[in-house]
Amino acid sequence: MSNTFYRIFITNADDTVSTLYAKRNRCKTVKGRDAQINRLTNDIVDGIRELRGWKRLHVEHMTPEQVSICGLA
C-alpha cells in the first residue's frame, strides 16, 4: 500500500461515538509518521473546535487487515 489509513473516534457528551476514516501518503520514517499523526490530530481538533459537546478524540493507525475488513482499499 502506498497510503496510510487512520481511524478517528470522536466521543460526544452523550457518550455516542462517531467514527471517521482518513487516508494519507505513507511516511518513510518513524519521525515522519509521528509528525503526520500529530498534524492529522491538530487538523481534526481545528475542524471541530467550534462544535460543543465532544469530550474525547482518539486517532489510531489502521493495520492492512483492518483496512481490508472496512473495505477502504
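## Close-up views of a predicted model

**View 1. Asn 3 and the residues around it.** Setting aside neighbours up to four places off in sequence, Asn 3 has contacts with Lys 23, Arg 24, Asn 25 and Arg 26. Keep in mind for this view and the others that the model is predicted. Asn 3 belongs to strand β1. Is Asn 3 buried or exposed? Its relative accessible area is 19%, and since buried means under 20%, Asn 3 counts as buried.

**View 2. The whole chain, before zooming in again.** Here we step back for a moment. The chain has two helices and three strands, and going along the sequence they come in the pattern β-β-α-β-α. The C-alpha trace spans about 35 × 25 × 15 Å along its principal axes. Of the 73 residues in the chain, 25% are buried. If you take the contacts between residues at least 6 apart in sequence, 51% of them link residues at least 24 apart.

**View 3. The sheet and the helix that packs on it.** Three strands make an open sheet in the order β2-β1-β3, and the pairing is antiparallel. Which strands stand at the edges? They are β2 (17–25) and β3, and each has a single partner strand, so one side of each has no neighbour in the sheet. On average, and ignoring direction, neighbouring strands of this sheet are turned by 20 degrees against each other. Helix α1 packs on the sheet and touches β1, β2 and β3. The direction of α1 makes about 150 degrees with that of β3.

**View 4. Where β1 meets β2.** These two strands run antiparallel and are joined by nine bridges. Two of the facing pairs are handy for finding your way: Tyr 6 sits opposite Ala 22 in β2, and Thr 11 sits opposite Val 17 in β2. As a general point, side chains in a regular strand alternate between the two faces of the sheet.

**View 5. The turn of the hairpin.** With four residues between them, β1 and β2 form a hairpin. Look for Asp 15, which lies in the loop between these two strands. What is the phi of Asp 15 near? It is near 65 degrees, a positive value in a residue other than glycine. Asp 15 also counts as exposed, because its relative accessibility is 52% and the exposed class starts over 50%.

**View 6. The largest nonpolar core.** How many residues make up this core? There are eight in all: Tyr 6, Ile 8, Ile 10, Ala 22, Leu 40, Ile 44, Ile 48 and Val 59. Strand β1 (3–12) and helix α1 each supply at least two residues of the core. Ile 44 is a good one to pick out: leaving out neighbours within four places in sequence, it is in contact with Ile 8, Leu 57 and Val 59.

**View 7. His 61 and Arg 33, side chain to side chain.** His 61 is part of strand β3 (residues 54–61), while Arg 33 is part of helix α1 (residues 30–48). Their side chains make a polar contact at 3.3 Å. Both residues are partly exposed: the relative accessible area is 27% for His 61 and 42% for Arg 33. Not counting residues up to four places away in sequence, His 61 touches Thr 4, Phe 5, Tyr 6, Arg 33 and Gln 66. By that same kind of count, Arg 33 touches Tyr 6, Cys 27 and His 61. Tyr 6 appears in the contacts of His 61 and in those of Arg 33, and you may remember Tyr 6 from the nonpolar core. For a sense of scale, the C-alpha atoms of Arg 33 and Ile 48 are 23 Å apart, with the two residues 15 apart along the chain. For His 61 and Asn 12, which are 49 residues apart along the chain, the C-alpha separation is 21 Å.

**View 8. Two cysteines, Cys 27 and Cys 70.** How many disulfides does the structure hold? The count is zero. In general, a disulfide is a covalent bond between the sulfur atoms of two cysteines. Cys 27 is partly exposed, at 27% relative accessibility. Cys 70 is partly exposed too, with a relative accessible area of 33%. Cys 27 is also among the residues that Arg 33 touches.

Note on methods:
Residues are numbered from 1 along each chain as its sequence is written. This is a predicted model: local features need pLDDT of at least 70, side-chain atom pairs count only at pLDDT 80 or more; totals for chains, interfaces and linings use all residues. Side-chain values use heavy atoms; hydrogens and water are left out. Buried means under 20% relative accessible area, exposed over 50%, partly exposed in between (1.4 Å probe, protein chains only). Contact means heavy atoms within 4.5 Å. A polar contact is a pair of N or O atoms within 3.5 Å; within protein, one must be able to donate a hydrogen and the other to accept it, and residues adjacent in sequence count only if both atoms are side-chain atoms. A nonpolar core is a set of buried Ala, Val, Leu, Ile, Met, Phe, Trp, Tyr and Cys residues joined through side-chain atoms within 4.5 Å. Two strands pair if DSSP finds at least two bridges between them. Axes are lines fitted to C-alpha atoms, for helices over the stretch in contact, and angles run from 0 to 180 degrees between N-to-C directions. A disulfide is a pair of cysteine sulfur atoms within 2.5 Å.
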